[in-house]
Amino acid sequence: MDIPKFSAAPVRVAAPPAFVTPPAPPAGAAGPRRRPVADLLALIRPGQWVKNLAVVPLALLDTRHWTPSGAGRILWALAVFTLASAIVYVVNDLADRERDRLHPVKRHRPLAAGRIGTGGALALAAVLAGVLTGAVLVRPFAEWWPVTVYLLISVGYSRGLKHVPLLDAFIVASGFVLRLALGCAAVGRPVPYWLAVCVFSFCLLLSLGKRRHELTAAELGHRPALSGYTIAFADHLIGLIAGLTAVSYLLFLHEEPVFTGAADTPALLSALCALFGLARYLQVLLVEEGGGNPVRVLLRDRITLLNSALWAALIGTALALGRA
């Protein structure tokens, strides 16, 4: 008896699927549900408020304003810029909520995770805007114009300028110069030229460092502006801006009248701390592959904290001696 022959068709093994970013989890599935008040607080990012504290009080380097009135004006400026930046954080999260849902970290933000709705975020922004309006109207426009410029630039940033390579980093850095300008306007002093250059270049350095870190982490899809960067290009820019930061700080110390006479030595020693701080940041960024969160680097790195404390002590000593 003939045995029938079976010709099996060749089996095709499907290639493994390419990596696809997982869809955002349903609302409430990103983690344990938080209380609404805590989520609203997270939306305005209090951990980022230290940026205002680090820049606005620089206006008090002019020791003529070391008075209760001057300190009160600086506190007002801090509160005003904190409110303005909180509004910007909410607006940015509203604009980016769909994109944030595809990010491994940012998908846990309250809006992206669905723990806060669009209506709640808009209501929060409206309340903050109302409080900000009341806070600025108690002073003349000459004292709070930097906040207006900051908000206008931030609107353009959220509407699309954030996707323009180089311009995205420059806009972020300009916000810190406006913080300095607000502090100076509040106490009625002109903005020190070289201090403004130093603040701008240092913040631009941090912004470029963040983008370099994102390039190494292959986060191009989340930040379209990264298409205009490469790691080599970012490294060249970072080296250039780090040099500008160091030089502008030295020129600021040289031209600021308070850092003369007996204050000259501690001011000069503070320059060594500034140079070490720059070197340490570059080490974290280029050697340790950090820099994704500049605030975390500056506040959690023990070496940076110790160096910053020494720098602050030297600057404080120089200011005290310069005022004596």
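This briefing walks through the helices of one protein chain, how some of them pack, and a few residues to look up as you go. Keep in mind that the model is predicted. The chain has twelve helices and zero strands, so-called α elements from one end to the other, in the pattern α-α-α-α-α-α-α-α-α-α-α-α. Of its 324 residues, 42% are buried.

**The chain as a whole**

- Take the contacts between residues at least 6 apart in sequence: 74% of them join residues at least 24 apart.
- If you go hunting for disulfides, the count comes to zero.
- Two cysteines to look up are Cys184, which is buried with a relative accessible area of 0%, and Cys273, which is buried at 7%.

**Helices α6 and α7**

- Helix α6 covers residues 141–159 and helix α7 covers residues 167–187.
- Their axes sit 7 Å apart, and the two helices pack at an angle of about 165°.
- An angle over 145 degrees counts as roughly antiparallel, and α6 and α7 are therefore roughly antiparallel to each other.
- The crossing of these two helices is left-handed.
- On the α6 side, the residues that meet α7 are Ala142, Glu143, Trp144, Trp145, Pro146, Val147, Val149, Tyr150, Ile153 and Tyr157.
- On the α7 side, they are Asp168, Ile171, Val172, Ser174, Gly175, Leu178, Arg179, Ala181, Leu182, Ala185 and Ala186.
- Sorted by class, the residues of this contact come out as 16 nonpolar, two polar and three charged.
- For a closer look at one of the α6 residues, pick Val149, found in helix α6 and partly exposed, with a relative accessible area of 31%.
- Val149 and Gly175 are 26 residues apart in sequence, and their C-alpha atoms are 8.9 Å apart in space.

**Helices α3 and α6**

- Helix α6 also has a contact with helix α3, which spans residues 68–100.
- The axes of α3 and α6 come within 10 Å and cross at roughly 10°.
- Angles under 35 degrees count as roughly parallel, and α3 and α6 are therefore roughly parallel to each other.
- From α3, the contact uses Arg73, Trp76, Val80, Phe81, Ala84, Ser85, Val88, Val91, Asn92 and Ala95.
- From α6, it uses Glu143, Trp144, Val147, Tyr150, Leu151, Ser154, Tyr157 and Ser158.
- Here the class count is twelve nonpolar, four polar and two charged residues.

**Helices α9 and α10**

- Thr245 lies in helix α9, which runs over residues 231–255.
- Is Thr245 buried or exposed? At 4% relative accessibility, Thr245 counts as buried.
- Setting aside neighbours within four places in sequence, Thr245 is in contact with Cys198, Ser201, Phe202 and Leu278.
- Leu275 lies in helix α10, residues 264–286, and is partly exposed, with a relative accessible area of 39%.
- How far apart in space are Leu275 and Ala246? They are 6.5 Å apart, C-alpha to C-alpha, with their positions 29 residues apart in sequence numbering.

**Residues in loops**

- Most residues other than glycine have a negative phi.
- Leu166 has a positive phi of about 75° although it is not a glycine.
- You'll find Leu166 in the loop between α6 and α7, partly exposed with a relative accessible area of 32%.
- Glu289 is not a glycine either, and its phi is positive at about 60°.
- Glu289 is in the loop between α10 and α11, where α11 is 294–300, and at 40% relative accessibility it counts as partly exposed.
- Gly261 is in the loop between α9 and α10, and is exposed with a relative accessible area of 63%.
- Which residue is 61 residues from Gly261 in sequence and 7.3 Å away in space, C-alpha to C-alpha? That residue is Gly322.

Note on methods:
Residues numbered from 1 in each chain as written. Predicted model: local features only at pLDDT ≥ 70, side-chain atom pairs only at ≥ 80, totals over all residues. Heavy atoms only, no water. Axes fitted to C-alpha atoms, helices over the stretch in contact; angles between N-to-C directions. Helix = DSSP H or I, 4+ residues; strand = E, 2+ residues; numbered from the N terminus. Parallel < 35°, antiparallel > 145°, perpendicular 65-115°, else oblique. Left-handed = near helix turned anticlockwise from the far one by under 90°. Contact = heavy atoms within 4.5 Å. Nonpolar A, V, L, I, M, F, W, Y, C, P; charged D, E, K, R; others polar. Disulfide = S-S within 2.5 Å. Buried < 20%, exposed > 50% of the residue type's maximum accessible area, 1.4 Å probe, protein only.
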